[in-house]
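Work through the exercises below with the sequence and the 3D structure open. Each task is followed by its solution.

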Amino acid sequence: MTLQLADFTGLWTISRQIDDRRAASGQGAARLAGTCDFTLDSEGLMQEERGLLYMPGVDTPFEAARRYLWRAEGALITVFFDDGRYFHSFDPCQTHPEAYHDCTPDRYEVRYDFSKWPIWRARWRVIGPRKDYVSVTEYWRAPRAVLD
């Protein structure tokens, strides 16, 4: 499979599960349901995620949002935080590319899965003195009704 930056353009539905290994046992995982919109900007794509985050033991979900910048750099896709700081790079031609980001004292490791494109996943493992969780997000094209 040969993916390019432009293949990500458009609106995706997302489902995320966050398994916090430091949370009290029996609490369950946090869940996020929402959308991820990849829109063209002057240098590549702006990724904007929005959704409702459901936390274990909390009755009311709350809105969550985040943004990243995706850029084509040679054969790689490089992801930046929305303020322009480098986050990580990956090879979109690999079926299961991996990358990491050290944010001392924490380490973020990602493994993408493009084997069922256009359904794809990002699995993050985050480890640090106060962090120990796995976050898995599945992306699929948003239904037409969401686009209208």
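**Exercise 1: a salt bridge in one strand**

Glu109 is partly exposed, at a relative accessible area of 31%; buried stands for under 20%, exposed for over 50%, and partly exposed for what lies in between (1.4 Å probe, protein chains only). The model is predicted: local features need pLDDT of at least 70, side-chain atom pairs count only at pLDDT 80 or more, and totals for chains, interfaces and linings use all residues. Residues are numbered from 1 along each chain as its sequence is written, and side-chain values use heavy atoms, with hydrogens and water left out.

Task: Find which residue Glu109 meets in a salt bridge, and state the exposure of that residue.

Solution.
1. A salt bridge is a side-chain nitrogen of Lys or Arg within 4 Å of a carboxyl oxygen of Asp or Glu.
2. The side chain of Arg107 satisfies this with Glu109, at 2.9 Å from N to O.
3. Arg107 is partly exposed, with a relative accessible area of 31%.

**Exercise 2: salt bridges across the sequence**

Task: Count the salt bridges, then locate the partners of the pairs Arg71 with Glu43 and Asp106 with Lys131.

Solution.
1. The rule gives twelve salt bridges.
2. In one of them, the closest N and O atoms of Arg71 and Glu43 are 3.8 Å apart.
3. Arg71 belongs to strand β4 (residues 62-73) and Glu43 to the loop between β2 (30-40) and β3 (45-54), so the pair ties together parts 28 residues apart in sequence. Strands, like helices, are DSSP runs numbered from the N terminus (strands: E, at least two residues; helices: H or I, at least four).
4. Arg71 is buried at 8% relative accessible area, whereas Glu43 is exposed at 60%.
5. Asp106 and Lys131 form a salt bridge of 3.3 Å, N to O.
6. Asp106 lies in strand β8 (residues 106-116) and Lys131 in the loop between β9 (119-127) and β10 (132-141), so this pair ties together parts that are 25 residues apart in sequence.
7. Asp106 is buried, at 11% relative accessibility; Lys131 is partly exposed, at 28%.
8. A network of salt bridges links Arg16, Glu49 and Arg66.

**Exercise 3: strand β5 and its neighbours**

Task: Describe how β5 is joined to β4 and to β6, and say why β5 is largely enclosed.

Solution.
1. β4 and β5 run antiparallel and are joined by six bridges; strands pair if DSSP finds at least two bridges between them.
2. Glu73 stands opposite Leu76 in β5.
3. The hairpin of β4 and β5 has two residues between the strands, and Gly74 takes a positive phi near 65° there.
4. On the other pairing, four bridges join β5 to strand β6 (residues 86-90), again antiparallel.
5. Phe80 stands opposite Tyr86 in β6.
6. The hairpin of β5 and β6 has four residues between the strands, and Gly84 in the turn has a positive phi of about 95°.
7. Five of the six residues of β5 (residues 76-81) are buried, so the strand is largely enclosed by the rest of the structure.

**Exercise 4: the whole sheet**

Task: Give the strand order of the sheet and explain which strands have one side without a neighbour.

Solution.
1. Ten strands form an open sheet with antiparallel pairing, in the order β6-β5-β4-β3-β2-β1-β10-β9-β8-β7.
2. β6 and β7 (98-103) stand at the edges with a single partner strand each, so one side of each has no neighbour in the sheet.
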